[in-house]
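Colleague: I would like to learn how to read a model such as this one, feature by feature. Could we go through it together?

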Amino acid sequence: MPSPASHPKLGIIAGSGNFPERVIAAAHSEGRDIFVIAFDGETDMPSITSVPHAWVHLGHIGHAIRILKQENIHDIILAGKVRRPVLPSLRFDIQGLKLLSRIAKSQLYGDNAIFSTIVGFLEDSGFTVHGADSIFTELVAPEGIMGTIIPNTSQLNDIAIGAKAASIIGSLDIGQAVIVQNSIILGVEAIEGTDALMERCAKLQSPGKGGVLIKMKKPMQESRIDLPAIGITTIINAHHAGLSGIAIQAGGAIIIDRQSVIRKANELGLFVTGIIKPD
C-alpha cells in the first residue's frame, strides 16, 4: 500500500447514494488522506461517519470552500447525486449566490452546461476537480462480459441499437440510458433517472426474454461529475423490471462495488457487459 504522503490530500464533496462510500473505500485502499464535505439532507450519514468530515448547508458554498482550504485541500472529487433543490427553501451565502447566478445563466443549455459551470466555479476558487475514474481506475467499467451470463444474438442486436440511441439522446443532453427489447426502443432516460426508467418500461415489454438496459456517456459530457454508473441497486431493479441484462460503456462508466454487482447479476440471471462506444 502506498504511504499517505505519496498522494495529496483529497477532498470529497459527497451527495446521496453509496458512491461516496465507494470513493472513500478506494481512497483508503491507496492510503490517501481525505476530508469529506457532506450536505444536510443529501449525504447519507453512514457513508461518512468514520472519516474526517463537515456538514454544510447546500446553499453555503463559501463555507464549504473555506473548510476545504483550511484542510489544505487542492484536489477534489464530486461523488454522488444531489437533488435539484427548491430554491425558496435554501439560504445562500455570498459564494452560493455567485454560483447560483452562474447556474441560472447556463441552465437553458441542459445538465451538462450546469455541471460544467459547477466545475468551473470550483476551479476558479482554486481547486483542481478530478473525475473519480481518473484517480480510482478500479471503478471504471472494463470491456466485455463480466459475469457468467452471456447475451444471445438478439440481445447483442438490442445492445447495438441501444448504444446508438443512447449516443443520440446524449448528444441532445437528454439522458444516458435506453431500454431495448426485440429491436424496439421501449424508453429513454430523461430527468427521472435510470431506476424510474426501468420501472416505467417493465410494463411495456413483450413476453419472452426481457429488455436490455444500455447506459452510455453523453458526447462532450462533463464526466468529472456525472459519469453513468451502476451498482447493486441497479441490478436488483433491473431484475424486478424483468430485464435480461445491462450494457455500459467500457472506459466511460463506473461500476460501484464491481465484484458485488457481478455476484448479484449472476445470482439473478442477468448479464453485465462493457461495450465500446459506437462510431
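Modeller: We will take the sheet, then a helix, then two loops and a surface patch, bearing in mind throughout that this is a predicted model.

Colleague: In what order do the five strands of the open sheet lie, and in which sense do they pair, parallel or antiparallel?

Modeller: The order across a sheet need not follow the numbering along the chain, and here the five strands of the open sheet are arranged as 3-2-1-4-5, with parallel pairing. Strand 3 (53-56) and strand 5 (128-130) are at the edges, and because each has a single partner strand, one side of each is left without a neighbour in the sheet. Neighbouring strands of this sheet are turned against each other by 25 degrees on average, with direction ignored.

Colleague: How many bridges join strand 1 and strand 4?

Modeller: Strand 1, residues 10-14, and strand 4, residues 75-79, are joined by five bridges in the parallel sense, and if you wish to find one of them on the screen, start at L10, whose bridge partner in strand 4 is D75.

Colleague: Turning to helices, which residues of helix 2 are buried?

Modeller: The general idea is that an α-helix has 3.6 residues a turn, so residues three or four places apart point the same way. In helix 2, which covers residues 61-70, the buried residues include I61, A64, I65 and L68, and G62 and I67 are buried as well.

Colleague: What is the phi of N72, which follows helix 2?

Modeller: The backbone angle is worth checking at such a place, and N72, which is found in the loop between helix 2 and strand 4, has a positive phi of about 60 degrees although it is not a glycine. With a relative accessibility of 55%, N72 counts as exposed, because the cut-off for that word is over 50%.

Colleague: And D173, which also has a positive phi: is D173 buried or exposed?

Modeller: D173 is in the loop between helix 6 and strand 7, and its phi is likewise positive, about 60 degrees, although D173 is not a glycine. At 17% relative accessibility, however, D173 counts as buried, since buried means under 20%.

Colleague: Which residues make the nonpolar surface patch?

Modeller: I168, L172 and I174 make a nonpolar surface patch of about 290 Å². Of these, I174 is found in the loop between helix 6 (153-171) and strand 7 (177-181), and I174 is partly exposed, with a relative accessible area of 37%.

Key:
Residues numbered from 1 in each chain as written. Predicted model: local features only at pLDDT ≥ 70, side-chain atom pairs only at ≥ 80, totals over all residues. Heavy atoms only, no water. Pairing = 2+ DSSP bridges. Helix = DSSP H or I, 4+ residues; strand = E, 2+ residues; numbered from the N terminus. Axes fitted to C-alpha atoms, helices over the stretch in contact; angles between N-to-C directions. Patch = residues over 30% accessible without salt bridge, like charges linked within 9 Å, V, L, I, M, F, W, Y side chains within 5 Å. Areas by Shrake-Rupley, 256 points an atom, 1.4 Å probe, with all protein chains shown as cover. Salt bridge = Lys/Arg side-chain N within 4 Å of Asp/Glu carboxyl O. Buried < 20%, exposed > 50% of the residue type's maximum accessible area, 1.4 Å probe, protein only.
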